[in-house]
Amino acid sequence: MSKKLTFLILSGPTKEYIDPVRYISNESSGKMGLALAGYAVKKGYKVIFISGGVKKYPKRVELVKVTTALEMLKASKFNLQRADIIISVAAVADYRPAKFQKHKIKKSGNSILLKLKKNPDIVKYCGENKSDQVVVGFALETQNLLTNAKLKLKSKKLDLIVANGRDSFGYDKTTVHLMSSDSIIKIENRSKKFIAGKIIDETVRIFENIKSFKKNA
């Protein structure tokens with residue numbers, strides 16, 4: 001392919017602050033996003049990397065650091081049409097506090113009521129607003145893995161979804177299923193670097209098929 005492909009990779013956790021010192025987040029390490037970016041750069045592709053706070057960021061990428069889900073959505077909207085392939089491996093918090101408290105909440109009583117507001121579905125936005133692009137999402141499930149992943153693949157209008165379990169958080173090795181509309185590829189107990197390579201290669205294959213179909217249509 002003569003054109004240098006551009007990847008937009010969303011990675012890392014988001015933090016949704018309750019007050020200046022407390023927040024809602026998760027255990028995402030950003031390792032898979034780091035591996036995806038590293039492999040894409042190694043293959044000569046351009047990478048726009050939008051990331052929540054992690055310990056280590058990839059090199060030779062256009063780095064956009066964000067904290068909250070709303071910041072990640074804004075950055076994704078801005079960069080969406082610059083990319084050929086969008087991969088969202090970010091662990092975006094599903095909810096955020098309905099109201100941010102400007103000062104630390106003082107302890108009082110045995111319990112407090114925290115009202116939450118739903119965050120936007122960023123990968124769904126990308127899927128619904130793609131042109132001739134490939135959009136990839138991740139589905140972390142603790143039950144009915146393939147069934148739930150298939151539902152997300154369709155409802156979010158994705159070209160590929162990577163289904164994985166709880167053991168993917170923080171570990172260097174994991175098991176995933178790469179699921180498209182017509183195939184499922186299982187990769188069992190392999191390093192995230194190995195899996196990242198398979199994901200990148202599969203997305204490029206799908207992208208080339210889309211371009212070929214449009215050309216011959």
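Analyst: A helix is a DSSP run of type H or I with at least four residues, and helices are numbered from the N terminus. The model discussed here is predicted.

User: Why are H1 and H5 called helices, and what do they supply to the second largest pocket?

Analyst: H1 spans 31-42 and H5 spans 192-216. Both runs satisfy the minimum of four residues, and therefore both are called helices. Each supplies at least two residues of the lining of the second largest pocket, and H1 gives the most, with seven residues.

User: How do you know that Lys31 lines the second largest pocket, and what is the volume of this pocket?

Analyst: The volume of the second largest pocket is about 650 Å³. Of its 23 lining residues, Gly30, Lys31, Leu34, Ala35 and Lys56 are the closest to its centre. A lining residue needs an atom within 4 Å of a pocket point, so Lys31, as one of the 23, meets that cut-off.

User: What makes nine residues of this lining charged?

Analyst: Asp, Glu, Lys and Arg count as charged, so Lys31 and Lys56 belong to that class. The whole lining of the second largest pocket has eight nonpolar, six polar and nine charged residues.

User: Which residues and elements line the largest pocket?

Analyst: This pocket holds about 1000 Å³ of space. It is lined by 41 residues, and those closest to its centre are Ala90, Ala91, Val92, Asp94 and Phe138. Strand S9 (134-140) is among the elements that supply at least two residues, and S9 gives the most, with four. The lining comprises 18 nonpolar, 15 polar and eight charged residues.

Key. Residues numbered from 1 in each chain as written. Predicted model: local features only at pLDDT ≥ 70, side-chain atom pairs only at ≥ 80, totals over all residues. Heavy atoms only, no water. 1 Å grid on protein atoms, 1.4 Å probe; cavity = no way out; pocket = protein on both sides within 12 Å on 5 of 7 lines; lining within 4 Å. Points joined across faces, edges and corners; volume = space filled by probe spheres on them.
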